[in-house]
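Biologist: I am new to this structure and would like a guided tour. Could we begin with the terms that I need?

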Amino acid sequence: MSMFCYQCQEAAKNVGCSVRGACGKDDVTSNMQDLLVNVCQGIAVAAEKAPETFTQAHGEFISKALFATITNANFKQDDIAAFVTEGLAIRDAIKAQGSCCSSCCPPECFTWSPAGSADYDAQAAKVGVMNYNANEDLRSLISLIIYGLKGIAAYADHASVLGYTNPEIYAFYVKALAATTKDLGADEFTALVLETGEFAVKTMALLDEANTTSYGHPELSTVNLGVRANPGILISGHDLRDMAELLEQTAGTGVDVYTHSEMLPANYYPAFKKYDHFVGNYGNAWWKQNEEFTSFNGPILMTTNCIVPVKDAYKDRMYTTGVAGYPGVKHIADAPENGKKDFSAVIAQAKTCPAPVEIETGEIVGGFAHNQVMALADKVVDAVKSGAVKRFVVMAGCDGRHSDRQYFTDVANGLPDDTIILTAGCAKYRYNKLQLGDIGGIPRVLDAGQCNDSYSLAVIALKLKEVFGLDDINDLPISYDIGWYEQKAVAVLLALLFLGVKGIRLGPTLPAFLSANVAKVLVENFDIKPTGQVEADIAAMMAGH
Ligand code: SF4
Ligand code: SF3
């Protein structure tokens with residue numbers, strides 16, 4: 001069997017993975033994920049003709065299904081096949097309620113009717129990205145829309161498990177996914193790319209509301225990097241409800257809880273900081289997990305991406321939950337209706353494990369989401385007006401294994417002392433432990449939180465625009481130097497474009513799914529550019545380019 005996937009920054013040769021994913025995803029699972037996207041398109045085609053039959057539950061299904069196909073979230077073909085089965089049932093139920101496809105020639109995603117799951121593999125091999133459109137540029141635009149939707153779906157799922165949904169977002173799934181099956185032109189798909197950015201903003205705003213209403217506003221916090229002598233559980237990924245329930249269930253058990261990678265910002269939330277057994281953060285960004293999970297000694301709970309191929313050294317103490325999955329790794333089931341997940345097996349295993357091996361000591365500072373920055377607004381504005389702060393550089397996004405990502409560390413180190421780095425996402429691990437000092441008490445690295453908290457950075461920029469009485473967000477002394485890896489970063493990038501941000505540097509490579517012509521359109525309209533040489537990029541950013 002063969003595959004083709006080019007959805008992340010590690011696409012082989014910056015073209016695409018065609019034998020096995022650089023991420024570890026095998027061909028069968030990759031193709032099954034393509035089929036799942038195709039089934040979601042089929043649901044959308046059916047629902048577009050009968051919108052009243054498309055329910056919130058259907059929207060939630062699409063969130064989970066697309067989320068399960070993002071890079072490093074779920075490596076289990078059986079899980080993906082189960083989503084396909086459920087998706088086909090949803091599509092057929094919508095069809096049975098009277099949806100007819102207006103087209104004289106409905107797309108196969110609407111008509112395909114397998115005899116059973118044994119038919120999935122053959123169909124899966126036929127519906128990959130290369131079949132989106134015969135035209136390379138249209139295929140590129142469709143890919144951009146679908147990958148943006150995957151990021152939106154992940155954020156919408158996190159909001160929905162906290163009880164926050166927005167029917168407009170689900171209606172957009174229908175509109176956008178159905179459109180990707182149609183014979184549209186470049187202008188129409190380009191407009192849909194920008195609309196995807198608009199919905200990325202709406203979805204991140206919804207998740208921000210869900211997180212801050214449920215757990216309070218992130219606040220200035222110091223996070224311990226060392227360990228204690230108790231056994232511990234390491235929680236990674238992005239799902240704050242899992243964080244809340246794990247902390248609740250571990251309280252008083254003698255088991256400590258540590259965050260890893262994108263869960264680090266949980267340390268900034270008042271509702272979590274109150275727990276004495278919540279010790280701090282262990283380790284770094286996702287790609288170092290083999291060593292860090294080994295030395296942690298206790299159970300690891302992966303609530304979302306990013307999972308790397310699991311080593312035997314810790315496989316028997318690793319757990320997935322939500323849409324995350326990995327063959328041979330135990331899975332914690334979803335919460336029953338109005339109930340909570342049951343983490344007792346994780347806690348029981350933790351009690352049998354030695355304490356974590358200390359891999360670093362000290363503290364880092366974070367919690368600069370929009371509410372906290374607004375509380376410091378006078379100080380920040382004064383620092384800009386007095387010239388103490390010359391420029392802000394947004395260095396949000398993802399980290400990754402690519403050695404070229406040293407660029408981001410070098411930029412952080414090389415930026416003049418009168419600059420402030422605004423960060424969010426696991427990109428921060430390239431510079432959040434450097435001693436970059438502060439400017440009049442404002443730390444030079446302000447961490448807003450997870451990748452979805454890039455929304456906070458946009459809110460801060462819009463607020464500064466207002467305070468300084470500017471007409472254009474691009475007149476602010478802010479540069480954008482973004483690292484990307486997976487599809488949530490695609491959603492964040494489209495959100496920034498929708499907000500009118502121009503001149504973004506993107507690295508360490510431009511996406512493989514951008515055709516030469518689509519890349520040219522992005523350059524001409526948004527002045528997007530690839531990251532370049534450190535010194536030249538710093539000089540250009542300081543000169544406002
Ligand atoms: Fe390759 Fe990335 Fe796709 Fe994995 S997700 S198969 S690394 S392009
Ligand atoms: Fe990182 Fe995977 Fe993207 Fe949420 S954990 S930012 S890469």
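Modeller: The domain bounds used here come from an automatic or database domain assignment. Please also keep in mind that this is a predicted model.

Biologist: Then which domains contribute to the lining of the largest pocket?

Modeller: Domain 1 (12-214) and domain 2 (221-351) each supply at least three residues to the lining of the largest pocket.

Biologist: What volume does the largest pocket have?

Modeller: The volume of the largest pocket is about 580 Å³. Its lining consists of 27 residues, and those closest to the centre are Lys64, Val161, Arg241, Asp334 and Ala335.

Biologist: Which elements give two or more residues to that lining?

Modeller: They are helix 2 (56-68), helix 3 (77-96), helix 6 (136-161) and helix 9 (240-250). Helix 2 provides the largest share of the lining, with five residues.

Biologist: And how do the lining residues divide by class?

Modeller: The lining of the largest pocket has 11 charged, nine nonpolar and seven polar residues.

Biologist: Let us turn to the ligands. Which residues are around ligand 1?

Modeller: Around ligand 1 are Met3, Cys5, Tyr6, Gln7, Cys8, Ala11, Cys17, Gly21, Ala22, Cys23, Lys25 and Thr71. By class, eight residues of this shell are nonpolar, three are polar and one is charged.

Biologist: And what is around ligand 2?

Modeller: The shell of ligand 2 comprises His238, Glu262, Trp286, Asn305, Cys306, Gly397, Cys398, Cys426, Cys451, Tyr485 and Glu486. Six of the residues in this shell are nonpolar, three are polar and two are charged.

Biologist: Where does ligand 2 lie with respect to the domains?

Modeller: Ligand 2 lies between domain 2 (221-351) and domain 3 (367-542), because both domains give residues to its shell.

Biologist: Two names in that shell stand side by side, Asn305 and Cys306. What kind of peptide bond joins them?

Modeller: Asn305 and Cys306 are joined by a cis peptide bond, with omega about 10°. Cys306 belongs to the loop between strand 5 (300-302) and helix 12 (312-315).

Biologist: Why would one remark on a cis bond?

Modeller: Most peptide bonds are trans. Another cis peptide bond is found between Gly507 and Pro508, where omega is about 5°. Pro508 is located in the loop between strand 15 and helix 19 (516-526).

Biologist: Which residue has a positive phi although it is not a glycine?

Modeller: That is Asn14, whose phi is about 55°. Most residues other than glycine have a negative phi. Asn14 sits in the segment before helix 1 (27-49).

Biologist: Strands now, please. In what order do the strands of the sheet that includes strand 4 run?

Modeller: That open sheet has six strands in the order 4-3-2-5-6-7, and their pairing is parallel. Strand 4 (278-281) and strand 7 (330-332) are at the edges; each has a single partner strand, so one side of each lacks a neighbour in the sheet. On average, neighbouring strands of this sheet are turned by 25° against each other, direction ignored.

Biologist: How many bridges link strand 3 and strand 4?

Modeller: Strand 3 (residues 256-259) and strand 4 pair in the parallel sense over three bridges. Thr259 is placed opposite Asn281 of strand 4.

Biologist: What about the sheet that has strand 13 in it?

Modeller: This is an open sheet of six strands with parallel pairing, in the order 13-10-9-14-15-16. Its edges are strand 13 (445-447) and strand 16 (529-530), each with a single partner strand, so one side of each has no neighbour in the sheet.

Biologist: And which residue stands opposite Leu506?

Modeller: Pro530 in strand 16 stands opposite Leu506. Strand 15 (residues 505-507) pairs with strand 16 in the parallel sense over two bridges.

Key: Residues numbered from 1 in each chain as written. Chains lettered and ligands numbered in written order. Predicted model: local features only at pLDDT ≥ 70, side-chain atom pairs only at ≥ 80, totals over all residues. Heavy atoms only, no water. 1 Å grid on protein atoms, 1.4 Å probe; cavity = no way out; pocket = protein on both sides within 12 Å on 5 of 7 lines; lining within 4 Å. Points joined across faces, edges and corners; volume = space filled by probe spheres on them. Helix = DSSP H or I, 4+ residues; strand = E, 2+ residues; numbered from the N terminus. Nonpolar A, V, L, I, M, F, W, Y, C, P; charged D, E, K, R; others polar. Near = heavy atom within 4 Å. Pairing = 2+ DSSP bridges. Axes fitted to C-alpha atoms, helices over the stretch in contact; angles between N-to-C directions.
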